[in-house]
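Let's take a friendly walk through a protein model, with helices, charged pairs and backbone details along the way. Keep the viewer open as you read.

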Amino acid sequence: MFQSALFQLVLVKLRGFLREPEAVFWIFVFPLLLALALGVAFRAKAPDVLPIGVERGPGADWIVQAISATPGLEARPIDGDQAAADLRAGRIALVVVAGEPWVYWYDPSRPDARLAALAVDDALQRAAGRGDVHAISTREMTDKGSRYIDFLIPGLLGMNLMGTGMWGIGFYLVQARAGRLLRRFVATPMRRSDFLLAQILGRLLFLFIEVGVLVVFARVVFDVPLRGSIFAFVVASLLGAVTFAGLGLLVASRSRTIEGVAGLMNFVMMPMWIGSGTFFSVSRFPEAVQPVLQALPLTAVNDALRAVMLEGASLAQISGELGIAGVWAIVSFALALKLFRWT
């Protein structure tokens, strides 16, 4: 076995990877830095205080006091000319002009300004004597699995599987083709399928370290849950890695230059970077494009990983996502096997 062509090819793949410190950084270090930065930026914290300006004039002092007495709002008197400048610069969310009626001056395209208008109007109406028809209470969602960092980590895992699978395999094949290394393989009894399969197997050998490091980091630093079974999580990760390795083989099957394969890689990966729910939900896109986005391999992998990690889903419950990824893996490898050329 240890003398087989497939084993030796996998060994060559591993040695080539370990000799590239840049690849090691992007696979193991970069996801941790990205998770740390975004996790800190979107950490759980008290809501920001909205700064409100009140244009100086009759009745302005009463408005300042009424607004400032409301949690989450901070009002200060301001001159008219300065109010316009502060609004343009975003230093205040809204300006209240005293009079009959009160005037709320703000940019409706800014979400914080619309929120400020609602909060300020509620504060002033209450201070003027308005009563509530119904009593209410609030309940905050702070459970593990509901935070942004919980949503982010599975997306980063999927993105990393895609990036390392496609770039790692695609760049190696093009470099070997440009350096005439692949041409030498033609004279050997090696089968094309063995060579391409070795690229995928070599990629999978690093999968457990690559995924494990990020999952353990997220668990220790941010307490991100893994509610599903380890087996279901491993299957989803393995299938994702195989899928993107197959896509990497396909994209690089005929490319001869680094510039050429880089352009093709970006062309294939860009829609998934944007539309596969790595950093925000796919539901933000219009209904018309949802069928296309749901059919993307990264969307399927991200959804499967999130379902296992955050909802405790079983293999049966993510079978649809695994089916989509599996189809991409089979089709891309079959096409790569047919289209691949040594020179």
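The sections below go from helix packing to charged pairs, and then to the surface and the backbone.

## Helix packing

Please keep in mind that this is a predicted model. A good place to begin is the pair formed by helix α6 (residues 148–178) and helix α11 (residues 258–275), whose axes come within 10 Å and cross at roughly 165°. Angles over 145 degrees count as roughly antiparallel, and α6 and α11 are therefore roughly antiparallel to each other. The crossing in which α6 passes α11 is right-handed.

A second pair to display is helix α8 (residues 192–204) with α14: their axes are 10 Å apart and they pack at an angle of about 135°. That angle makes α8 oblique to α14. Here, too, the handedness can be stated: α8 and α14 make a right-handed crossing.

## A contact across the sequence

Leu11 sits in helix α1 (residues 5–18). With a relative accessibility of 24%, Leu11 counts as partly exposed. Try picking its C-alpha atom together with that of Ala198: the two residues are 187 residues apart along the chain, yet these atoms are separated by 8.7 Å.

## Salt bridges

How many salt bridges does the count come to? The total is six salt bridges. One of them pairs Arg56 with Asp79, with 3.1 Å between the closest N and O atoms. Arg56 belongs to the loop between β1 (50–55) and α3 (60–68), while Asp79 belongs to the loop between β2 (73–78) and α4 (80–89), so the pair ties together parts that are 23 residues apart in sequence. Asp79 itself is partly exposed, at 44% relative accessibility.

Another salt bridge links Arg91 and Asp86, and its closest N and O atoms are 2.8 Å apart. The two partners are covered to differing degrees: Arg91 is partly exposed, with a relative accessible area of 46%, whereas Asp86 is buried, at 2%. Arg219 and Asp223 also meet through their side chains in a salt bridge, at 3.7 Å from N to O. Arg219 counts as partly exposed at 41% relative accessibility, and Asp223 counts as partly exposed at 33%. Shared partners, meanwhile, join Arg76, Asp86 and Arg91 into one network of salt bridges.

## A nonpolar surface patch

Which residues make the nonpolar surface patch of about 430 Å²? The patch is made by Val327, Ile330, Val331, Leu335 and Leu339. Val327 has its place in helix α14 (residues 319–339). Since over 50% relative accessible area is the cut-off for exposed, Val327 falls in that class with a value of 51%.

## Backbone details

Most residues other than glycine have a negative phi, and most peptide bonds are trans. Two places in this model are worth a look with that in mind.

Asp223 has a positive phi of about 60° although it is not a glycine. Asp223 lies in the loop between α9 (207–222) and α10 (230–251), and this is the residue whose side chain meets that of Arg219 in a salt bridge.

The other place is the peptide bond joining Glu100 and Pro101, which is cis, with omega about 10°. Pro101 is found in the loop between β3 (94–97) and β4 (103–105).

Terms used:
Residues are numbered from 1 along each chain as its sequence is written. This is a predicted model: local features need pLDDT of at least 70, side-chain atom pairs count only at pLDDT 80 or more; totals for chains, interfaces and linings use all residues. Side-chain values use heavy atoms; hydrogens and water are left out. Patches are made of residues with over 30% relative accessible area and no salt bridge: like charges are joined within 9 Å, nonpolar side chains (Val, Leu, Ile, Met, Phe, Trp, Tyr) within 5 Å. Accessible areas come from the Shrake-Rupley method with a 1.4 Å probe; for residues, only the protein chains shown count as cover. A salt bridge is a side-chain nitrogen of Lys or Arg within 4 Å of a carboxyl oxygen of Asp or Glu. Helices (H or I, at least four residues) and strands (E, at least two) are DSSP runs, numbered from the N terminus. Buried means under 20% relative accessible area, exposed over 50%, partly exposed in between (1.4 Å probe, protein chains only). Axes are lines fitted to C-alpha atoms, for helices over the stretch in contact, and angles run from 0 to 180 degrees between N-to-C directions. Angles under 35 degrees count as roughly parallel, over 145 as roughly antiparallel, 65 to 115 as roughly perpendicular and the rest as oblique. A crossing is left-handed if the near helix is turned anticlockwise from the far one by less than a right angle, and right-handed if clockwise.
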